[in-house]
Amino acid sequence: MRSRLILWPTDFSETASHALRYAIEMANLYQVGIRILHVVDQPLGDENYMILAITPEELAKSMEEEAASKMRSLLSELKTDLSIETVIRRGDAIEEIVDEANKGDIGMVVIASHGRSGLAHFLHSNVAEEVANQASCPVLVVK
């Protein structure tokens, strides 16, 4: 733990921002850096059915650009001397977070208990719970 990064997955929600405070506190305690991860869902669609005005690939790139903009904004607001890395991935949030957590250079994951609300909360798996069950490192779930 003392030589590995803290992974903070974010969906840019208020709950995730609350978990960032804990990630910074843990990183300061252990004198390690933070890796911020955002996962963009892979859009579904078929160009042959003309459901989308743009291709799924174009939509995904647009979503990644929006995430990068939010990440830059977030970084500009952080007041810390910690080493901070950012990663934007495309795919399933649970799979991508667990993959990042299990790479070997992550000592702890600090994740919000939930970012989704309403109907989306009931339609999707609990990301924090799945990450806690599948990650090989300690996971701090923040309410």
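How many helices and strands does the secondary structure of the protein come to? The count is five helices and five strands, in a model that is predicted.

**Figure 1. Overview of the predicted model.** Along the sequence, the elements follow the pattern β-α-β-α-β-α-β-α-α-β. The protein has 143 residues, and 39% of them count as buried. Its accessible surface is about 8500 Å², with 49% of that area belonging to carbon and sulfur atoms. Among contacts with a separation of 6 or more, 75% are between residues 24 or more positions apart.

**Figure 2. The largest nonpolar core.** In soluble globular proteins, nonpolar side chains tend to be buried together. The largest core here has 20 residues. Those with the most contacts inside this core are Ile6, Trp8, Leu20, Ala23, Ile34 and Val110. At least two core residues come from each of strand S1 (5-9), helix H1 (14-30), strand S2 (34-40), helix H2 (56-77) and strand S4 (106-112). H1 gives the most, with seven residues.

**Figure 3. Contacts of Leu20, and a second core.** Leu20 is one of the residues with the most contacts inside the largest core. When neighbours within four places in sequence are left aside, Leu20 is in contact with Trp8, Leu74 and Leu78. Trp8 is likewise listed among the residues with the most contacts inside that core. A second core, separate from this one, has 18 residues, including Leu5, Ala93, Val98 and Ala101.

**Figure 4. Helix H3 against helix H5.** Two packed helices are described by the angle between their axes and the distance between the axes. For H3 (residues 93-101) and H5 (residues 127-134), the axes come within 9 Å and cross at roughly 35°. The crossing of H3 past H5 is right-handed. On the H3 side the contact is made by Ala93, Ile94, Ile97 and Val98, and on the H5 side by Val127, Glu130, Val131 and Gln134. Six of these residues are nonpolar, one is polar and one is charged. Ala93 and Val98, both part of this contact, also belong to the second core.

**Figure 5. Surroundings of Ile88 in strand S3.** Strand S3 spans residues 84-90 and contains Ile88. Is Ile88 buried or partly exposed? Ile88 has a relative accessible area of 32%, so this residue counts as partly exposed. Not counting residues up to four places away in sequence, Ile88 touches His38, Val40, Glu64, Ala67, Ala68 and Met71. Ala67 is 21 residues from Ile88 in sequence, and their C-alpha atoms are 7.5 Å apart in space.

**Figure 6. Phe12 in the loop between S1 and H1.** Most residues other than glycine have a negative phi. Phe12 is not a glycine, yet its phi is positive, near 65°. This residue is partly exposed because its relative accessibility is 22%, and buried means under 20%.

**Figure 7. Gln31 in the loop between H1 and S2.** Gln31 also has a positive phi, of about 55°, although it is not a glycine. Is Gln31 buried or exposed? With a relative accessible area of 62%, Gln31 is exposed, since that class begins over 50%.

Methods: Residues numbered from 1 in each chain as written. Predicted model: local features only at pLDDT ≥ 70, side-chain atom pairs only at ≥ 80, totals over all residues. Heavy atoms only, no water. Axes fitted to C-alpha atoms, helices over the stretch in contact; angles between N-to-C directions. Helix = DSSP H or I, 4+ residues; strand = E, 2+ residues; numbered from the N terminus. Left-handed = near helix turned anticlockwise from the far one by under 90°. Contact = heavy atoms within 4.5 Å. Nonpolar A, V, L, I, M, F, W, Y, C, P; charged D, E, K, R; others polar. Core = buried A, V, L, I, M, F, W, Y, C linked by side-chain atoms within 4.5 Å. Buried < 20%, exposed > 50% of the residue type's maximum accessible area, 1.4 Å probe, protein only. Areas by Shrake-Rupley, 256 points an atom, 1.4 Å probe, with all protein chains shown as cover.
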